[in-house]
Amino acid sequence: EDAGDYKCVATNDAGVVERSLTLTLQSPPVITVEPVGTVVEAGATAMLNCQASGEPPPTIRWSRQGHPVVRDDRVTVLTNGSLRIIAAQKEDTSEYECVARNLMGSVLVRVPLTVQGGPSRAKGSIIGNINDIEFGVAFLNATVTDSPDSEAKVIQAKITNIPRSLGPAMRKLVSLLSPVYWTTAEEMGEAMNGFTLTDAVFKRETQVEFATGEILRMTHIARGLDSDGALLLDVVVSGHVLQLQAVADVRVKDYTEDYIQTGPGQLYAHSTRLFTVDGVSVPYTWNHTITYDYTKGKMPFLVETLHASSIATEYDPLEETVAFQIHASIAKGIYHTSVPGSTNPDVFVFLSADIDECETRDTCQHECRNTLGSYQCTCPSGYRL
């Protein structure tokens, strides 16, 4: 409290003289607003608050594991000293240091920032034909939230602009959403979902086969996240699906998908599952081939298993929309297939890419489908081998 403005006044018979001065008491910095550990979803804005007092007024600098934070379009230090990170990415996960410094010294406080493995939303377009019906452009919008009662992500999706002639059949096409729930699945242990592994940039080829002979092919192109943190997805579909009545009761069973690393930047996934129509079980299978930038690395395990549960589907003929809900998580899988030349299934011989037998013209007389370590010959719809 001694700091302030002072005045010295000298007087004698000849007159008066005075001088003014300011007394400043210098003090080292003290953190007055301390940053707290923060967890944000990928694509969201992270704000780390840090304010300090002292004399002279301290300057605030931010560093990351001892290295100065580089400012750019996403990363900014505000005038009040706070660090703002727009469209947070998983690479932003780190420990940050707020350093307040003046002539009397400095003070440092550390704070962790965690950017969670998946987008909070997804959006995209679907084009193509199903059962020889061109449906123009359908639109996909999905939200991803944490399950309140289980270790899983909840994906709620709606596909709009679906013709009434196709709506009932599309209730069972959960595979349309496979890139969404694989990208955002809750990561169990050290398992990686699609976002952590690929940064949501990949191509996914899917083939669905029904026990009644219909085959549907899909190509999914994931183009990363937009500025709002939404997964951008384009889908092209072509082929046939089992026809269903609009009033049929369709229910999709819980299922799993096994993801196998077949080479650098290459995954193979497959699943066998059932859905019921008016209580009657109908089996069908699908498989996926996924390619991504090999420099992103590989899965931490040879096999990862995705669990999909609590699946609900509904078609609204008035709005021409199909609504889906899925709970998804991904964990370390079990490698069931023996590895040629090795008795140890953990040997990472999968770094040698799978051979595509279908590249040979005479492999099959009809249609050839490549699988992990093998291939299958199939017929067009309506034919059999």
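This report walks through the strands, backbone features, salt bridges and disulfide of the structure above.

The structure is a predicted model, so local features were kept only at pLDDT of at least 70 and side-chain atom pairs only at pLDDT 80 or more, while totals for chains, interfaces and linings use all residues. Residues are numbered from 1 along each chain as its sequence is written, and side-chain values use heavy atoms, with hydrogens and water left out.

## The annotated region and its start

Let us begin with the record. An unreviewed UniProt entry carries the annotation "domain: Ig-like" for residues 1-24 and 29-114; UniProt positions follow the numbering used here, feature names are shortened, and annotations may be inferred rather than shown by experiment. In the model, residues 1-24 are 75% strand and 0% helix, and the C-alpha atoms at the two ends of this span are 10 Å apart. Helices (H or I, at least four residues) and strands (E, at least two) are DSSP runs, numbered from the N terminus.

Tyr6, Leu21, Leu23 and Leu25 make a nonpolar surface patch of about 370 Å². Patches take residues with over 30% relative accessible area and no salt bridge, joining like charges within 9 Å and nonpolar side chains (Val, Leu, Ile, Met, Phe, Trp, Tyr) within 5 Å. The areas come from the Shrake-Rupley method with a 1.4 Å probe, and for residues only the protein chains shown count as cover. Tyrosine 6 belongs to strand 1 (residues 4-12). This tyrosine 6 is partly exposed because its relative accessibility is 40%; buried means under 20% relative accessible area, exposed over 50%, and partly exposed in between (1.4 Å probe, protein chains only).

## Strand 12 and its partners

Which strands pair with strand 12 (residues 105-115) in the parallel and in the antiparallel sense? Strand 4 (residues 38-40) runs parallel to strand 12, with 3 bridges, and here threonine 38 stands opposite leucine 113. Strand 11 (residues 94-102) is antiparallel to strand 12, with 9 bridges, and alanine 100 has valine 107 as its bridge partner. Two strands count as paired if DSSP finds at least two bridges between them. Strand 11 and strand 12 also form a hairpin, with 2 residues between them.

## Backbone features

Most residues other than glycine have a negative phi, and most peptide bonds are trans. With that in mind, have a look at glutamate 55 and proline 56: the peptide bond joining them is cis, with omega about 0°. Proline 56 sits in the loop between strand 6 (51-55) and strand 7 (59-64).

Glutamine 65 is not a glycine, yet its phi is positive, about 50°. It lies in the loop between strand 7 and strand 8 (67-68), and glutamine 65 is exposed, at 56% relative accessible area. Asparagine 161, also not a glycine, has a positive phi of about 70°. This residue is in the loop between strand 15 (153-160) and helix 1 (167-170), and asparagine 161 is partly exposed at 37%.

## Salt bridges

Side chains of opposite charge can pair when their charged atoms come close. The whole structure holds 10 salt bridges, each defined as a side-chain nitrogen of Lys or Arg within 4 Å of a carboxyl oxygen of Asp or Glu. Three of the pairs are listed here.

| Acidic residue | Basic residue | N to O distance |
|---|---|---|
| Aspartate 92 | Arginine 74 | 3.0 Å |
| Glutamate 95 | Arginine 110 | 4.0 Å |
| Aspartate 226 | Lysine 123 | 3.0 Å |

Aspartate 226 is in the loop between strand 18 (215-225) and strand 19 (230-239), and lysine 123 is in strand 13 (residues 121-130), so this pair links parts of the chain 103 residues apart. Aspartate 226 is buried at 17% relative accessible area, whereas lysine 123 is partly exposed at 29%.

For the pair in the second row, glutamate 95 is partly exposed at 36%, and arginine 110 is exposed at 52%. In the first row, aspartate 92 is buried, with a relative accessible area of 6%. Elsewhere, Asp146, Lys153 and Glu186 are linked in a salt-bridge network.

## The disulfide

A disulfide is a covalent bond between the sulfur atoms of two cysteines. The search of the whole structure finds 1 disulfide, counted as a pair of cysteine sulfur atoms within 2.5 Å. Which cysteines does the disulfide join? Cysteine 50 is joined to cysteine 98, with 1.9 Å from S to S. The link is left-handed, at -80° about the S-S bond. Cysteine 50 lies in the loop between strand 5 (46-48) and strand 6, and cysteine 98 in strand 11, so the disulfide ties together parts that are 48 residues apart in sequence. Both cysteine 50 and cysteine 98 are buried.
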